[in-house]
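The following paragraphs lead the reader through a protein structure, from the overall form of a chain to individual residues. Please keep the sequence and the coordinates at hand while reading.

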Number of protein chains: 2
Amino acid sequence: MDNRPIGIFDSGIGGLTVMREIMEQLPYENLIYFGDTARIPYGSRSEQTIKKYSYQCASFLKSKNVKAIVIACNTASSIALDHLKNQFDIPVIGVIEPGARSAASVTKNGHIGVIGTTATINSSAYQERIMEFKHDAEVIGIPCPLFVPIVEEGWEYSNVAELTAEKYLAELIEHDIDALVLGCTHYPILRYTIKKVVGPYVKLVNPAFETAKDLKKILGEFSILNENFELPKYEYFVSDAPERFRRLGGNFLKKEIDILSEIAIDNL
Amino acid sequence: MDNRPIGIFDSGIGGLTVMREIMEQLPYENLIYFGDTARIPYGSRSEQTIKKYSYQCASFLKSKNVKAIVIACNTASSIALDHLKNQFDIPVIGVIEPGARSAASVTKNGHIGVIGTTATINSSAYQERIMEFKHDAEVIGIPCPLFVPIVEEGWEYSNVAELTAEKYLAELIEHDIDALVLGCTHYPILRYTIKKVVGPYVKLVNPAFETAKDLKKILGEFSILNENFELPKYEYFVSDAPERFRRLGGNFLKKEIDILSEIAIDNL
């Protein structure tokens, strides 16, 4: 029994889809979210820069006395997870492994699609991890850079969203995939449009959901679940533009963002 | 006569459309471009942050002995121009004023549209400047956040681009505008698609073109044009991910990017 909060960080707002899954699956846990909005997007940064930023985000959460850290950002998970595991003495989990494991287990024909930002796809992080779980899988990665701004416009059900999805996903459909990893934290918000384009036989894998499931398991194994069954506390921190975060955040979280603070990036 | 280079900076790659106009209108000038790719986009940052970043970009160019500085970024122009003018003893020009002056002069019915990033439109920089030039103008600003990633995907002639333009520009067409300011450096690349949507009677104003024209005039007034009629030298600096800059840059510049260096952001 441990009522310390769980820390979650992302390069911006997208990680709120991960936080939302954690709220649903671990409804008694106190949560602290940090969005590094001053330095978003991580996707176009160099590896070294991403490692440094991720370490700073995790250090900030550690300073808030968290009992575990969730890297909700796909880019940071793919590049900085091992680095952070080595640096901190609490559990650190990313979104790649849970997503990859689920994709490998739900596919029947072994043809798996992965969509994400250019950086996530180019890193091959999902592709390689899936192959470790399923050696004979055929994994195809497609970067979909328009999906993030479409979600941030609130256009997830528009004809622009559908046409864009058709353009990006055509190659995956040609390859007869039967599982598709939503490898960017924004994409679960587009899942109905994506599902409409890929059809009913393709299983969508949401790494946010799988990560929350893994987190629950790990907290149980370490005996650090919060068994204080009261209303949990949710706190949010960003490194820039808190008003935009509050305004857009609702669509990701389906919940108001109450306790929100801005912290100076130089203090990280 | 002054053969020192002209410095141009932007938060990323978009300012290359401004550089291109300068190359065409001032073909003998040496140019140094700095793209702050490590900290793009400026649009979602706070005013204070944008001023600090802009000052650092301008200081870097000054350290390269430039004779004038062009702020090719709309966000930085709208927020940091006066600040930089006060800090440096060489001419500093932004893209807002030239674009606003041209819009005010080409409109016949006084209905002017401005499109740009969310930050540029919310700052009202173009809107206010246009009203100074033409008090009775009716100016309508519409943020178009999807246009940048559409251009960066090379989708400027696609049905996604056209549908997106229809969605964004419908309100401007309803307001019977006869002039439209392309208030983001990426947008000139979309001008054919935008023109198709708004129709032949709407004049498109390209601030990049107007800025180059103003720059030429100012250099003449200060007697610092380069009258050494040799092939000029073009140098490029970025703060992160030079390969992406080189790859995408061609579409903006219609020219190879040869001399490209990466500089550490901490050295700014």
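The account below begins with chain A as a whole and then turns to domains, a sheet, the nonpolar core and selected backbone features.

The model is predicted. Chain A comprises 268 residues, and its radius of gyration is 18 Å; a compact globule with that number of residues would have a value near 18 Å, so the two agree. Along the principal axes, the C-alpha atoms of chain A occupy a box of roughly 50 × 40 × 40 Å. The secondary structure of this chain consists of 11 helices and 10 strands. Of the 268 residues in chain A, 54% are buried. Among the contacts in chain A with a separation of 6 or more, 76% join residues that are 24 or more positions apart.

The domain assignment divides chain A into two parts. Domain 1 is made of residues 6-94 together with 209-267, while domain 2 covers residues 97-207. The centres of the two domains of chain A, taken over C-alpha atoms, are separated by 22 Å. Where they meet, 22 residues of domain 1 of chain A are in contact with 21 residues of domain 2 of chain A. On the side of domain 1 of chain A that touches domain 2 of chain A, helices α1 (16-25), α3 (74-87), α10 (207-221) and α11 (242-253) of chain A each contribute at least two residues. The largest share of that side, 5 residues, is supplied by α10(A).

Attention now passes to a sheet in chain A. This open sheet has 4 strands in the order β6-β5-β7-β8 (chain A), and the pairing is parallel. Strands β6 (138-143) and β8 (203-205) of chain A stand at the edges; each has a single partner strand, so one side of each is left without a neighbour in the sheet. From one strand to the next, the twist averages 20 degrees. Helix α6 (residues 125-133) of chain A packs on the sheet and touches β5 (111-116), β6 and β7 of chain A. The direction of α6(A) makes about 165 degrees with that of β6(A). At the other edge, strand β7 (residues 179-182) of chain A pairs with β8(A) in the parallel sense over 3 bridges. V181(A) has V205(A) in β8(A) as its bridge partner.

The nonpolar core offers a second view of the structure. The largest such core contains 168 residues, of which V70(A), I71(A), L180(A), V70(B) and I71(B) touch the most other members. Apart from neighbours within four places in sequence, L180(A) is in contact with G113(A), I115(A), L172(A), V198(A), V202(A), L204(A) and V205(A).

Another of these core residues, V70(A), appears among the contacts of I93(A). I93(A) lies in strand β4 (residues 92-94) of chain A. There are 22 other C-beta atoms within 10 Å of I93(A), which is therefore buried. Besides V70(A), this residue touches T211(A), D214(A), L215(A) and I218(A), when residues up to four places away in sequence are not counted. Although I93(A) and L215(A) are 122 residues apart along the chain, their C-alpha atoms are separated by 7.4 Å.

Several backbone features remain to be described. In chain A, the peptide bond from I40(A) to P41(A) is cis, with omega near -5 degrees. P41(A) is located in the loop between β2 (31-35) and α2 (47-63) of chain A. In chain B, the peptide bond from I40(B) to P41(B) is likewise cis, with omega near -5 degrees, and P41(B) is found in the loop between β2 (31-35) and α2 (47-63) of chain B.

Two residues of chain B other than glycine have positive phi values. For N65(B), phi is near 65 degrees; this residue is placed in the loop between α2 and β3 (68-71) of chain B. For A241(B), phi is near 50 degrees; A241(B) belongs to the loop between β9 (234-238) and α11 (242-253) of chain B. Are these residues, N65(B) and A241(B), buried or exposed? N65(B) has 11 C-beta neighbours inside 10 Å and therefore counts as exposed. A241(B), with 23 C-beta neighbours inside 10 Å, counts as buried.

How values were computed. Residues are numbered from 1 along each chain as its sequence is written. Chains are lettered from A and ligands numbered from 1 in the order in which they are written. This is a predicted model: local features need pLDDT of at least 70, side-chain atom pairs count only at pLDDT 80 or more; totals for chains, interfaces and linings use all residues. Two strands pair if DSSP finds at least two bridges between them. Axes are lines fitted to C-alpha atoms, for helices over the stretch in contact, and angles run from 0 to 180 degrees between N-to-C directions. Two residues are in contact if their C-beta atoms, placed from the backbone, lie within 7 Å. A nonpolar core is a set of buried Ala, Val, Leu, Ile, Met, Phe, Trp, Tyr and Cys residues joined through C-beta atoms within 7 Å. A residue is buried if 20 or more other C-beta atoms lie within 10 Å of its own, exposed if 12 or fewer, and partly exposed in between; C-beta atoms are placed from the backbone. The radius of gyration is taken over C-alpha atoms; the globule rule is 2.2 Å times the number of residues to the power 0.38. Domain bounds come from an automatic or database domain assignment.
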